[in-house]
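Reader: I'd like a close look at one part of this protein, the disulfides and what surrounds them. Could you walk me through it in one go?

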Amino acid sequence: MGVSRDLQAACTASTAVICANADDHINIWLNGTDVGTFNYVNAYSGVSITCVTVPGSYFVSGTNVLAAGVTSDASQAVWGSWSLDITC
């Protein structure tokens with residue numbers, strides 16, 4: 001199961017940073033381009049949440065679509081979250 005979101009920017013993106021976490025995995029795409037797979041990090045692991053740089057070339061003029069799909073390795077709670085910081 002996944003979700004997509006139309007994003008409208010007030011500028012032309014030169015780069016962006018996306019950070020994500022999920023139980024257990026989240027795959028993220030921007031305009032159909034694979035941004036990455038992010039694996040679960042819990043509060044006690046001592047590992048930081050993964051962030052990756054998204055090149056400005058992944059963005060298009062007008063509407064951009066960010067899609068995320070979360071998968072779970074077990075039949076427990078399934079959740080995913082992400083933040084996107086765009087630099088213009």
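Author: First, a cut-off: a disulfide here is a pair of cysteine sulfur atoms within 2.5 Å. Keep in mind that this is a predicted model.

By that cut-off, the structure holds 2 disulfides. Let's start with the pair formed by cysteine 11 and cysteine 88, whose sulfur atoms sit 1.5 Å apart. Cysteine 11 is in the loop between strand 1 (2–7) and strand 2, while cysteine 88 is in the segment after strand 7, so this bond ties together parts that are 77 residues apart in sequence. As for accessibility, cysteine 11 counts as partly exposed because its relative accessibility is 32%. Its partner, cysteine 88, has a relative accessible area of 55%, so cysteine 88 is exposed.

Now the other one: cysteine 19 is joined to cysteine 51, with an S to S distance of 2.0 Å. The torsion about that S-S bond is about 105°, so you'd call this disulfide right-handed. It links distant parts of the chain too, with cysteine 19 in strand 2 and cysteine 51 in strand 5 (residues 50–55), 32 residues apart. Cysteine 19 counts as buried because its relative accessibility is 18%, and the cut-off for buried is under 20%. Cysteine 51, at a relative accessible area of 41%, is partly exposed. If you count the bonded cysteines along the chain, the pattern comes out as 1-4, 2-3.

Next, the strands around that second bond. Strands 5, 2 and 7 make up an open sheet of 3 strands, in the order 5-2-7, and the pairing is antiparallel. Strand 5 and strand 7 are the edges, each pairing on one side only. On average, neighbouring strands in this sheet are turned by 20° against each other, ignoring direction. Between strand 2 and strand 7 there are 9 bridges, in the antiparallel sense. If you want a spot to zoom in on, asparagine 21 stands opposite serine 81 in strand 7.

Strand 2 also takes you into the nonpolar interior. The largest nonpolar core has 15 residues, and the members touching the most others are Ile18, Ile26, Ile28 and Val54. At least two residues of this core come from each of strand 2 (15–23), strand 3 (25–30), strand 4 (33–39) and strand 6 (64–71). Strand 2 gives the most, with 4 residues. In general, nonpolar side chains of soluble globular proteins tend to be buried together. Pick isoleucine 28 and, leaving out residues up to four places away in sequence, you'll find contacts including Ile18, Val35, Phe38, Leu66 and Trp82.

Strand 6 has a polar residue worth a look as well: asparagine 64 lies in that strand. Its relative accessibility is 4%, so asparagine 64 counts as buried. The asparagine 64 side chain makes a polar contact with the side chain of asparagine 31 at 2.7 Å, and it also reaches the backbone nitrogen of valine 60 at 2.7 Å.

One last stop, in the loop between strand 6 and strand 7 (79–87): that's where glutamine 76 is placed. With 60% relative accessibility, glutamine 76 counts as exposed. The C-alpha atoms of glutamine 76 and aspartate 24 are separated by 9.9 Å, though these residues are 52 residues apart along the chain.

Terms used. Residues numbered from 1 in each chain as written. Predicted model: local features only at pLDDT ≥ 70, side-chain atom pairs only at ≥ 80, totals over all residues. Heavy atoms only, no water. Core = buried A, V, L, I, M, F, W, Y, C linked by side-chain atoms within 4.5 Å. Buried < 20%, exposed > 50% of the residue type's maximum accessible area, 1.4 Å probe, protein only. Contact = heavy atoms within 4.5 Å. Polar contact = N/O pair within 3.5 Å; in protein donor to acceptor, adjacent residues only side chain to side chain. Pairing = 2+ DSSP bridges. Axes fitted to C-alpha atoms, helices over the stretch in contact; angles between N-to-C directions.
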